[in-house]
Amino acid sequence: PEASRDFVSKLPGVGVERADDVLAYEFMADFRVHTRLRESAVVGPDSASVPVEESTVKPAYMTLPPSIGIPSIAPSCFSCFDYTNGLADLVVGYMGAPFTDADAMQTAPLMVTVRNAKGRAMLDAAVECGKVEVLQRGGKGGGLLPSSGSRGPITMKTVEGDSMVKSLTNPSYVAGGAGAPPWVADILATLIAKGLPKGIEFARYSIDYHYLRNALYVDAKMSPSRSDRHVPEYAKAIMTRYADDMARLKKPPESPVTTIQRALARAFGAEGGS
């Protein structure tokens with residue numbers, strides 16, 4: 001709770017003064033942190049405050065200081081490879097569902113993954129009760145859902161920009177204490193969101209990114225044999241396509257002196273051969 005409060009207190013539109021009014025928040029597909037705020041409340045017969053009105057703010061992710069990233073995520077999350085909740089009968093989430101600029105976390109369509117008969121019964125019961133409306137059938141494996149773009153390039157860019165990854169791969173890295181100004185962050189979020197893959201390909205991008213980041217974490221925190229046992233085979237299979245990029249990322253950064261020496265060697269080598 002304390003880590004969550006510290007996190008939301010850094011969000012523009014929330015701040016320390018409204019941190020206790022936050023009802024929920026979520027990182028959404030538009031690279032913004034959708035945050036629901038309690039606007040007013042009434043006191044019920046049992047003296048409990050019941051929220052009657054709320055609003056939503058959508059600050060861009062880039063407004064957050066890099067230094068808030070690592071403390072806001074539990075260490076267990078960095079070593080988790082069950083991002084898709086593989087043992088659940090029914091999984092609900094926004095990844096893979098259509099998303100527009102007008103959507104908010106409480107109004108955007110959600111993707112439902114049904115894994116077995118129990119999950120199907122749960123979904124059917126919710127539909128029959130009028131709690132859920134099925135907008136589109138996804139088909140087996142989501143094959144009927146929209147999907148566009150390519151996740152490869154943006155996935156590695158996201159991994160390389162992650163604060164935890166930087167701290168693991170560069171011993172001299174110090175996370176900054178300030179985020180981008182809101183107007184700059186708004187422009188960046190809009191541009192990035194427009195270039196991101198959509199639908200199922202966006203879901204694959206998010207899964208790939210988290211597996212790659214977490215693989216770097218367990219490699220750094222565990223012995224090689226334990227790390228190898230800890231990462232499941234399906235995650236290893238997904239990460240195969242990024243093997244060269246990950247090997248490059250794991251290489252220790254060169255010191256400034258070494259970089260200068262390499263530059264001089266290339267310069268004199270070029271002159272000598274001309």
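I take a residue as buried when its relative accessible area is under 20%, as exposed when that area is over 50%, and as partly exposed in between.

**Entry 1. Overall view.** I opened the structure as a predicted model. By the cut-off above, 32% of the 274 residues of the protein chain count as buried. I then looked up the secondary structure and found 12 helices and 7 strands in the protein chain. For the contacts with a separation of 6 or more, I noted that 65% come from residues 24 or more positions apart.

**Entry 2. Helix H8 against helix H5.** I turned to helix H5, residues 152–161, and its packing on H8. Their axes are 9 Å apart, and the angle is about 40°. An angle between 35 and 65 degrees falls outside the parallel and perpendicular classes, and H5 and H8 are therefore oblique to each other. I recorded the crossing of H5 and H8 as right-handed. On the H5 side, I listed Ile 154, Thr 155, Met 156, Thr 158 and Val 159 as the residues that make the contact. On the H8 side, the contact is made by Tyr 205, Asp 208, Tyr 209, Leu 212 and Leu 216. Sorted by class, the residues of the H5 contact with H8 comprise 7 nonpolar, 2 polar and 1 charged.

**Entry 3. Helix H8 against helix H11.** I next examined H8, residues 200–221, together with H11, residues 243–250. The two axes come within 12 Å and cross at roughly 45°. H8 and H11 are therefore oblique to each other, and their crossing is right-handed. I found Leu 212, Leu 216 and Asp 219 of H8 meeting Met 246, Leu 249 and Lys 250 of H11. This contact of H8 with H11 holds 4 nonpolar and 2 charged residues, with no polar ones. I noted that Leu 212 and Leu 216 appear in the contact with H5 and also in the contact with H11.

**Entry 4. A salt bridge between H8 and H11.** Which side chains form a salt bridge with an N to O distance of 3.1 Å? I identified them as Lys 250 and Asp 219. Lys 250 lies in helix H11 and Asp 219 in helix H8, so this pair ties together parts that are 31 residues apart in sequence. I checked the exposure of both partners. Lys 250 counts as partly exposed at 45% relative accessibility, and Asp 219 is likewise partly exposed, at 37%.

**Entry 5. The start of H8.** I looked up Ile 200, which is placed in helix H8. Is Ile 200 buried or exposed? Its relative accessibility is 11%, so Ile 200 counts as buried. Leaving aside neighbours within four places in sequence, I found Ile 200 in contact with Gly 96, Met 111, Gly 142, Leu 145, Pro 146 and Ser 147. For one of these, Ser 147, I recorded a C-alpha to C-alpha distance of 4.9 Å from Ile 200, across 53 residues in sequence.

Within H8, I then inspected Arg 204 and Glu 201. Their side chains meet in a salt bridge of 3.3 Å, N to O. The two are 3 residues apart in helix H8 and therefore separated by about one helical turn. Arg 204 counts as partly exposed at 38% relative accessibility, whereas Glu 201 counts as buried at 8%.

**Entry 6. Other salt bridges.** I searched the whole structure and obtained 16 salt bridges. One of them joins Lys 236 and Glu 233, with the closest N and O atoms 3.3 Å apart. Because they are 3 residues apart in helix H10, residues 233–239, Lys 236 and Glu 233 are separated by about one helical turn. I noted Lys 236 as partly exposed, at 23%, and Glu 233 as exposed, at 58%. Elsewhere, Arg 18, Asp 21, Arg 38 and Glu 39 are joined into one network by salt bridges that share partners.

**Entry 7. Positive phi values.** I looked up two residues with positive phi that are not glycine. Phe 31 has phi near 60° and sits in the loop between strand E1 (22–27) and strand E2 (33–43). Phe 31 is buried, with a relative accessible area of 16%. Asn 85 has a phi of about 50° and belongs to the loop between helix H3 (75–78) and strand E4 (90–93). I recorded Asn 85 as partly exposed, with a relative accessible area of 39%.

Technical notes: Residues are numbered from 1 along each chain as its sequence is written. This is a predicted model: local features need pLDDT of at least 70, side-chain atom pairs count only at pLDDT 80 or more; totals for chains, interfaces and linings use all residues. Side-chain values use heavy atoms; hydrogens and water are left out. Axes are lines fitted to C-alpha atoms, for helices over the stretch in contact, and angles run from 0 to 180 degrees between N-to-C directions. Helices (H or I, at least four residues) and strands (E, at least two) are DSSP runs, numbered from the N terminus. Angles under 35 degrees count as roughly parallel, over 145 as roughly antiparallel, 65 to 115 as roughly perpendicular and the rest as oblique. A crossing is left-handed if the near helix is turned anticlockwise from the far one by less than a right angle, and right-handed if clockwise. Contact means heavy atoms within 4.5 Å. Ala, Val, Leu, Ile, Met, Phe, Trp, Tyr, Cys and Pro count as nonpolar, Asp, Glu, Lys and Arg as charged, and the others, Gly among them, as polar. Buried means under 20% relative accessible area, exposed over 50%, partly exposed in between (1.4 Å probe, protein chains only). A salt bridge is a side-chain nitrogen of Lys or Arg within 4 Å of a carboxyl oxygen of Asp or Glu.
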